[in-house]
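Here are some exercises to work through with the sequence and the model side by side. Try each task yourself before reading on to the solution.

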Amino acid sequence: MLTDLTEYSERRRAANRHSHSDAPDTAVEFARLASLGSGPEREALCAEIVEAWLPMAHRIAGRFRNKGESLEDLQQVAAMGLVKAVNRYEPGRGAFESYAVPTITGELRRHFRDRMWDVRVPRRVQELRNKVRAARRELLDQPGGSGREPTLAEIGRQAGLTEAEVRDGMEAMEGYSALSLDAEVSSAEPDGFSLADTLGAPDPAYDHVNDREAAKAGLRRLPERERTILYLRYFEDMTQSRIAEELGISQMHVSRLISRSCARVRAEADPGHDDAGQPKAA
């Protein structure tokens with residue numbers, strides 16, 4: 001009778017230790033693992049233990065589904081956490097499941113913290129976001145609440161944060177996932193516009209302003225006749241033949257003067273080039 005009670009007690013303790021069907025009894029394997037040094041035998045035994053506990057890791061990964069990450073990727077992250085737990089576990093410090101579950105869960109949370117943000121923010125701000133989100137949800141779910149959006153001060157009191165910290169946390173809530181450039185900014189207007197419509201575009205006129213300012217000094221140093229030729233050619237859009245007739249010189253001479261004048265202005269604007277527009281030797 002006493003033997004039967006002892007066996008029953010052992011079975012109950014074993015059942016309590018392994019309350020899930022995916023929590024195998026690997027006490028013997030872990031005891032053997034603790035006695036092995038590094039090498040192929042230890043690696044093979046680690047792989048055997050990991051394979052035995054892998055269903056538990058997958059079950060924990062399933063708790064994090066529907067958060068923007070595929071289940072297959074979550075299972076891989078959970079498996080990495082399981083491998084760490086197997087390698088670091090010390091049999092004399094309690095049941096493996098008690099050590100492995102927080103290790104795997106922590107690995108999954110780190111994955112979301114470090115890999116899933118579209119805009120990378122400091123860890124402190126990520127933690128503020130989580131506190132603000134939790135406090136806001138608690139205030140909205142309070143019985144008899146008015147249903148209105150809580151103020152910064154109310155969220156701060158609920159989360160134990162300053163208003164500045166609440167503001168940082170609220171801003172971080174917008175950084176977890178990015179909006180598409182095609183997202184509508186104003187749905188109230190009949191012809192709503194997208195986020196892309198609010199973005200600026202490169203303006204070539206700025207380059208023209210820079211070029212004109214850079215050329216001013218060189219143009220001032222040109223002789224009067226050469227300034228006149230450049231003005232007629234590039235501002236009045238006159239042909240070289242017309243300019244030649246206007247000034248009583250040959251077209252070839254006009255062409256040489258335009259080339260020489262442009263080279264001098266370019267050299268003034270860019271000291272790194274000579275009058276011919278070629279880079280100066282160092």
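**Exercise 1. Work out how much of the protein chain is buried, and describe its fold in outline.**

Solution. Start with burial: in this predicted model, buried residues account for 27% of the 282 residues in the protein chain. Next, go through the secondary structure. You should find 12 helices and zero strands, so the pattern along the sequence is simply α-α-α-α-α-α-α-α-α-α-α-α. Finally, check how far contacts reach along the sequence. Of those between residues at least 6 apart, 49% join residues at least 24 apart.

**Exercise 2. Find the largest nonpolar core and say which elements build it.**

Solution. Step one is the roster: this core holds 25 residues, and those with the most contacts inside it are F30, W53, L82, V86, F96, I104 and L108. Step two is to assign elements. Two or more residues come from each of α2 (27–34), α3 (40–62), α4 (71–88) and α5 (96–115). The top contributor is α3, with nine residues.

Step three is to zoom in on W53. Skip its neighbours within four places in sequence, and W53 is in contact with D22, A23, P24, T26, F30, L82, F96 and E97. A separate core lies apart from this one; it has 13 residues, including L232, M238, V254 and I258. As background, nonpolar side chains in soluble globular proteins tend to be buried together.

**Exercise 3. Check the length of α5, then place T105 and A100 in it.**

Solution. First, the ruler test. The 20 residues of α5 should span 28 Å at 1.5 Å a residue, and the end C-alpha atoms are indeed 28 Å apart, so the two agree.

Second, list what is hidden. The buried residues of α5 are F96, E97, A100, T103, I104, T105, G106, E107, L108, H111 and F112.

Third, take T105. Its relative accessibility is 11%, which is under the 20% cut-off, so T105 counts as buried. Leaving out neighbours within four places in sequence, T105 is in contact with I60 and F64.

Fourth, do the same for A100, also in helix α5. Here the relative accessibility is 0%, so A100 counts as buried. Beyond its neighbours within four places in sequence, A100 is in contact with M56 and A85. A100 and V86 are 14 residues apart in sequence, with C-alpha atoms 7.6 Å apart.

**Exercise 4. Decide whether R88 is buried or exposed, and relate its position to Y99.**

Solution. Locate R88 first: it sits in helix α4. Its relative accessible area is 51%, and the cut-off for exposed is over 50%, so R88 is exposed. Now look across to Y99: R88 and Y99 are 11 residues apart in sequence and 9.4 Å apart in space, C-alpha to C-alpha.

**Exercise 5. Describe the largest pocket: its volume, its lining and the elements behind it.**

Solution. The volume comes out at about 550 Å³. For the lining, count 15 residues, with D211, A215, L219, F235 and V265 nearest the centre of the pocket. Then trace those lining residues back to their elements: α9 (204–221), α10 (224–234) and α12 each give two or more. The most comes from α9, with six residues. Last, sort the lining by class, and you get 10 nonpolar, no polar and five charged residues.

**Exercise 6. Follow α12 and the segment after it: what does the helix pack against, and where does D270 lie?**

Solution. Begin with the span of α12: its 19 residues reach 27 Å from first C-alpha to last, close to the 27 Å expected at 1.5 Å a residue. The buried residues here are V254, L257, I258, S261, A263, V265 and A267, and the buried residues of α12 pack against α9, α10 and α11 (240–247).

Then step past the helix. D270 is in the segment after α12 (251–269). With a relative accessible area of 32%, D270 is partly exposed. D270 and A214 are 56 residues apart in sequence, yet 8.2 Å apart in space, C-alpha to C-alpha.

**Exercise 7. Say what is unusual about the backbone of D237.**

Solution. Recall the rule: most residues other than glycine have a negative phi. Now read off the angle: phi of D237 is near 55 degrees, a positive value in a residue that isn't glycine. As for its setting, D237 is in the loop between α10 and α11, and at 63% relative accessibility it counts as exposed.

Terms used:
Residues are numbered from 1 along each chain as its sequence is written. This is a predicted model: local features need pLDDT of at least 70, side-chain atom pairs count only at pLDDT 80 or more; totals for chains, interfaces and linings use all residues. Side-chain values use heavy atoms; hydrogens and water are left out. Helices (H or I, at least four residues) and strands (E, at least two) are DSSP runs, numbered from the N terminus. Buried means under 20% relative accessible area, exposed over 50%, partly exposed in between (1.4 Å probe, protein chains only). On a 1 Å grid over the protein atoms alone, a cavity is a set of points where a 1.4 Å probe fits but cannot get out, and a pocket is an open set with protein on both sides within 12 Å along at least five of seven lines; lining residues have an atom within 4 Å of a point. Grid points are joined across faces, edges and corners, and a volume is the space filled by probe spheres set on the points. Ala, Val, Leu, Ile, Met, Phe, Trp, Tyr, Cys and Pro count as nonpolar, Asp, Glu, Lys and Arg as charged, and the others, Gly among them, as polar. A nonpolar core is a set of buried Ala, Val, Leu, Ile, Met, Phe, Trp, Tyr and Cys residues joined through side-chain atoms within 4.5 Å. Contact means heavy atoms within 4.5 Å. The expected span of a helix is 1.5 Å times one less than its number of residues.
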